[in-house]
Amino acid sequence: MKTYYMFGDSLMRGVMPIGFEKMQAQYNMKFLNFAMPTFTSERVKMWLTQIMSSHPVPDAAFLECGGNDCDYDWKSICEGRCDYEHRHRVAPQDFKKNYEDMIHLLQEKGVAVTAVIAPPIAIEVYLSHLLKSGVGKDIMSEYVNSVQQMEDEFAEYGEIMRTVAKVNNCEILSLRESFLALNDIKEYYSKDGMHPNEAGYAIIRDDFTKYFSSCAR
């Protein structure tokens, strides 16, 4: 039986209820989900290091993060402690280093790594949620020039993962394309615009199913 460890943030944490029990039986695999909500790549790296030092070495690992890294540090922004240059919770170059470190740590132990690239977020829903949460429109306008700007920035973190994964000979499971093909992605997200709803996770389940089906061939 092949064992998979899952590392990442709330997106990866939420995949288990979407049909992984059935997948385990169907493909004779075992999944242990170590993903944690709110974690940036920095915290995922610390947690991954701890898990790998205290648990049996798995055959493979899914490694997903970036959504919390790319997100703006709105608390610091609203408190006037953050300039535009340092708006992301984790800067792109630091995210790249964290992701490389995690891949190398896993591969040095003989673990096959699959990079899981997160879906895009529903930017308009996300910005509306921020306004309702108390982020002032005047403050937001200083940092957000357009919806396209934020879409491009989020995509940048996914491309960093893709590039690092290719350089390190990792498999890639991208969840972006299935969502980008939708007519209106807002219908597939919760009220915060970042987390998929039940319909969104159904799409993610299908992408994982296709991935495992291709591996079984």
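**Entry 1: the sheet**

I started with the strands of this predicted model. Five of them form an open sheet, paired in parallel, and reading across I get the order β2-β1-β3-β4-β5. The edges belong to β2 (29–33) and β5 (171–174); each has a single partner strand, so one side of each has no neighbour in the sheet. I also looked up the twist: on average, neighbouring strands are turned by 20 degrees against each other, with direction ignored.

**Entry 2: one strand pair up close**

Next I picked β1 (residues 2–7) and β3 (residues 60–63), which pair in the parallel sense over four bridges. Which residue of β3 is the bridge partner of M6? I found F62 there.

**Entry 3: helices lying across the sheet**

Then I checked which helices cover these strands. Helix α3 (residues 41–54) lies across β1 and β3, and I noted an angle of about 150 degrees to β1. Helix α9 lies across β3, β4 (112–117) and β5, running at about 160 degrees to β4. For my own bookkeeping, β3 appears under α3 and again under α9.

**Entry 4: α7 against α9**

I stayed with α9 and turned to its contact with α7. A reminder to myself: a packed helix pair is described by the angle and the distance between the two axes. Here the axes of α7 (residues 123–132) and α9 (residues 147–167) come within 10 Å and cross at roughly 110 degrees. Angles of 65 to 115 degrees count as roughly perpendicular, and α7 and α9 are therefore roughly perpendicular to each other. On the α7 side I listed I123, E124, Y126 and L127; α9 brings V147, M150 and E151 to the contact. What is the split into nonpolar, polar and charged residues in this contact? I get five nonpolar, no polar and two charged.

**Entry 5: cysteines**

Last, I searched the whole structure for disulfides and came back with zero. I wanted to know why C82 is unbonded, so I looked for its closest cysteine sulfur: that of C78 sits 10 Å away, too far for a bond. The cut-off for a disulfide is a sulfur pair within 2.5 Å. C170 is in no disulfide either, with the nearest cysteine sulfur, in C65, 12 Å away.

Are these two cysteines buried or exposed? C82 has 12% relative accessibility and counts as buried. C170, at 10%, counts as buried as well. The cut-off I used for buried is under 20% relative accessible area.

Conventions
Residues numbered from 1 in each chain as written. Predicted model: local features only at pLDDT ≥ 70, side-chain atom pairs only at ≥ 80, totals over all residues. Heavy atoms only, no water. Axes fitted to C-alpha atoms, helices over the stretch in contact; angles between N-to-C directions. Helix = DSSP H or I, 4+ residues; strand = E, 2+ residues; numbered from the N terminus. Parallel < 35°, antiparallel > 145°, perpendicular 65-115°, else oblique. Contact = heavy atoms within 4.5 Å. Nonpolar A, V, L, I, M, F, W, Y, C, P; charged D, E, K, R; others polar. Pairing = 2+ DSSP bridges. Buried < 20%, exposed > 50% of the residue type's maximum accessible area, 1.4 Å probe, protein only.
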